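Good morning, colleagues. Please take a moment to look at the sequence and the structure before I begin.

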Amino acid sequence: MEDRILIDLYWARDEKAIQETSTKYGRLCFYIANNILRNTEDCEECVNDTYFAAWNAIPDKRPDKLSVFLSRITRNLALKKYEYRSAIKRNPSATVSFDELEDCVSGRYNVESEVENQHIESAINEFLWGQGVEKRNIFIRRYWYFDSIETICSYTGFSQSKVKSILYEMRLKLRKYLESEGIEV
């Protein structure tokens with residue numbers, strides 16, 4: 001089913017929208033949640049919460065790309081669930097991904113920094129669009145989807161050392177780019 005039709009179902013408040021969303025994007029949402037949470041029950045809960053959040057959000061918003069909209073919701077919900085669970089135990093792949101990026105992006109937040117956060121988001125997007133498709137995809141798979149190095153290697157056909165090298169170089173370039181944009185890292 002086309003995204004446009006799916007969104008129309010949400011706007012019409014037709015419960016078939018949830019079923020069709022699950023059919024079309026359920027595996028993607030589960031994949032994203034699983035890369036962060038590594039727990040089937042938590043992932044299923046997160047995916048169901050994604051459908052509920054989409055149900056509540058779409059009458060106010062009409063997303064241009066439904067897959068991106070759902071992915072963002074799933075990722076945010078999974079990160080919140082991970083944060084809640086992290087007091088007890090840690091997910092090594094998500095922790096490693098965050099640790100790799102800590103030199104580029106800090107975790108500080110306060111109300112006054114919201115405008116700065118939007119500037120940072122815009123700068124990171126601009127940086128990524130300035131990279132080649134291959135490098136951009138590797139970066140996004142690692143730091144958005146939390147794919148392991150091994151998964152990225154199987155996706156790209158590159159060796160582990162090449163993927164690690166690309167990620168390392170991109171982190172250095174990102175840091176330099178953010179600093180040139182006046183963003184403190």
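**The cores and a pocket**

Let me start with the largest nonpolar core, which has 20 residues, and in which Ile138 and Val163 touch the most other members. A nonpolar core here is a set of buried Ala, Val, Leu, Ile, Met, Phe, Trp, Tyr and Cys residues joined through side-chain atoms within 4.5 Å, and buried means under 20% relative accessible area with a 1.4 Å probe, protein chains only. Two or more residues of this core come from each of α6 (114-129), α7, α8 (149-156) and α9 (160-180); α9 gives the most, with 7 residues. These helices are DSSP runs of H or I, at least four residues, numbered from the N terminus.

The model is predicted: local features need pLDDT of at least 70, side-chain atom pairs count only at pLDDT 80 or more, and totals for chains, interfaces and linings use all residues. Residues are numbered from 1 along each chain as its sequence is written, and side-chain values use heavy atoms, with hydrogens and water left out.

Which residues does Ile138 touch, not counting residues up to four places away in sequence? They are Ile152, Thr156, Phe158, Val163, Ile166 and Leu167, where contact means heavy atoms within 4.5 Å. Apart from the largest core lies another core, of 16 residues, including Tyr25, Cys29, Tyr51 and Ile58.

I turn finally to the second largest pocket. Its lining consists of Leu28, Tyr31, Asn137, Ile140, Arg141, Tyr145 and Tyr155, a pocket being an open set of points on a 1 Å grid where a 1.4 Å probe fits, with protein on both sides within 12 Å along at least five of seven lines, and lining residues having an atom within 4 Å of a point. Both α2 (16-37) and α7 (133-143) give two or more residues to this lining, and the largest share, 3 residues, comes from α7.

Methods
Buried < 20%, exposed > 50% of the residue type's maximum accessible area, 1.4 Å probe, protein only.
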